[in-house]
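Colleague: I am new to this structure and would love a close look at one part of the picture. Please walk me through the salt bridges, and tell me where the partners sit.

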Amino acid sequence: MKIGGLIKSIVLTAMLFLIVTFSTAQIDRVEPPNWWLGFKNSSVQLMIYGKDIGTTTPSILYNGVTLEAFHRAESPNYLFMDISISEIASPGRMEIVFTALDGNEITYSYPLNQRERSSKEFLGFNASDVVYLITPDRFANGDPELDVVPGLLEKRIDRKDDYARHGGDIQGMIDHLDYISEMGFTALWPTPLLINDMPRTSYHGYAMTDFYKVDPRFGNLEKYKLLSKKASENGIKLIMDQVANHCGTGHWWMSDLPFKDWINYQSDYEKGSAAMITNHQRTVNQDLYASQADKDLMNNGWFVPSMPDLNQENTFMANYIIQNSIWWIETLKLGGIRQDTYPYPDKAFMSRWAGKIMDEYPEFNIVGEEWSYNPLLVRYWQQGVSNSDGYESNLKTTMDFPLQRALIEALNEEEHWDSGWIKLYKGLANDFAYHDPSSILLFGDNHDMDRLFTQLNEDFVKTKMALAFILTAPRIPQIYYGTEVLLSNTENPGDHGLIRTDFPGGWEKDLVNAFKGEGLNKDQKEMQDFTRKLLNYRKQSSAIHSGKTVHFAPKDGVYIIFRQDRDETVMLVLNKNEKPFALNLERYNEMNLIGTRFKNVLSSEEVILKNELQLKEKGVLLLTKKSE
């Protein structure tokens, strides 16, 4: 064959290949799956995925909607579309036409919905709330038919295995919203409910394999919406646990990544090399002297080998994460977001992420997890502080690990000039550094640390004192499910699977049912009643919600904190004395206590304060006085 004929043959073959390729283009996913009219930000970027869809040219003909631009990825199976939605657009199904080079067309009908409430109606959690944290797989099994879902990698249910799935689900939470409400909780934070199609330990939810799909072992999107609706009807705000830092290795896009920099250390992953794990040196975000190598490994390294690190410096990834958060807020009518591993992603992106959300929803709230015991680091991430590097986080709420540790140490240590209550006193004194201490989330335990009862060496009275402080301090309090009935992991401290133990009564054949108060031992029942009284009192306490705080340096094993506004004075007495103790009240004259009538919150008895207050036993005394 002559060279000219050979070239002609190659060209014809290539053309035929293109025609076949374009003719077989398809759409498997469009994300976000729908959008809304009436946002302050009128733009949305759609990610289209399907075989060879990136080789087509999109167009839109819909009144009030403009296709500003489209972008092809490095994989031919992706297409990104920048869409602008004007005020004249109406709700409906917008047709997007994808035209191949051979002229063939694919038409996709995309939903544009009318918003059901205005941005200002999305009210976030605040210091008037108490957050109940749940690990859904371990709370209650409301629909046993969901226990095993064919086609998913992890199929077994084994309640005897701390790291297997146990079968708790969304219906289980819905079934017990009355318990959560009657206890006095006003916000619900379930750990992630999105699908984790991973071969092991998929129960915890933090290795997501689809950011738009509810794990079918928990339920479905409609069930998630029902949880939000029913929670709202019970006066409970729903907080969604989100992860901007990483996904699971089983995520659908891991077999066909759109760009070479969609995840960090992507070339290593594609070569099959071992994952580069983060150094967990979170201080590099603030450290004036941090090396670039340490910064890069901290922010780009994978959290664990099964969790690829998302590259938020890729603008398409950044848009994807922001829009995903907004989609869930709007879809579920959320009352807040808890953002996992907050210091690990690119911090400039996290500022933009939080800023975009709060700009759209000014009354909303987000809490970021910064697991640091240094209050300066917690301070750095809260909006409104003057950071030396000029960083503004746009984040209202951070998690108070420093005060949590101070509380545990204060309760466990003997009283000396530098130990015991003085640590809690000085820990609270650090509030001068924060822009808004009352917007910080305080807790005794959570899903990643030993149970509060275990941390306090299973001391019943100390656990009461811990909860009383958490619920009275100028903070947003959070309580982990089962703390109210003294769940513990003392038999194996540090075991995450045991920390996330089953709530008694959440399964049909459970011998103990804490929801009904059946089968609990004396201490468990008393702690549950104690917690219920505190929570329901707290609901009505304006002084605790927003009053000023005054505390007195600990003395003689007693630490006293006041919360006060013009309508109420609250007095919390934390007493370590094992024997009866007469507390001289003259030291507290500035609070105008002597001769004043108070009510004991826990016993409902009236108390007229005199020069001395008789403390009969170690523990908690909580007094309240309404202004006349």
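Modeller: Happy to! A residue is called buried under 20% relative accessible area, exposed over 50% and partly exposed in between (1.4 Å probe, protein chains only). Please keep in mind that this is a predicted model, where local features need pLDDT of at least 70 and side-chain atom pairs pLDDT 80 or more, while totals for chains, interfaces and linings use all residues. Residues are numbered from 1 along each chain, and side-chain values use heavy atoms, without hydrogens or water.

Across the whole structure, the search turns up 35 salt bridges (a side-chain nitrogen of Lys or Arg within 4 Å of a carboxyl oxygen of Asp or Glu). Let us begin with Arg475 and Asp400, whose closest N and O atoms are 2.7 Å apart. Arg475 sits in the loop between α13 (460–472) and β16 (476–480), and Asp400 in the loop between β14 (397–398) and α10 (401–412), so this salt bridge ties together parts of the chain 75 residues apart in sequence. Those element names come from DSSP runs numbered from the N terminus: helices (H or I) have at least four residues and strands (E) at least two. As for their surroundings, Arg475 and Asp400 are both buried.

A second pair to find is Asp448 with Arg500, where the closest N and O atoms are 2.8 Å apart. This pair, too, links distant parts of the chain, 52 residues apart. On one side, Asp448 belongs to the loop between β15 (441–443) and α12 (452–455). On the other, Arg500 belongs to the loop between α14 (496–499) and α15 (522–539). Asp448 is buried, and Arg500 is buried as well.

From pairs we can move on to a group: Asp241, Arg338, Asp340 and Glu369 are joined into one network by salt bridges that share partners.

For a pair in another setting, turn to Asp158 and Arg156, whose side chains meet in a salt bridge with an N to O distance of 3.3 Å. Here Asp158 is partly exposed, at a relative accessible area of 26%. Its partner Arg156 is partly exposed too, with a value of 44%.

So, as you turn the model, you can compare two settings: the Arg475 and Asp400 pair is buried, whereas Asp158 and Arg156 are partly exposed.
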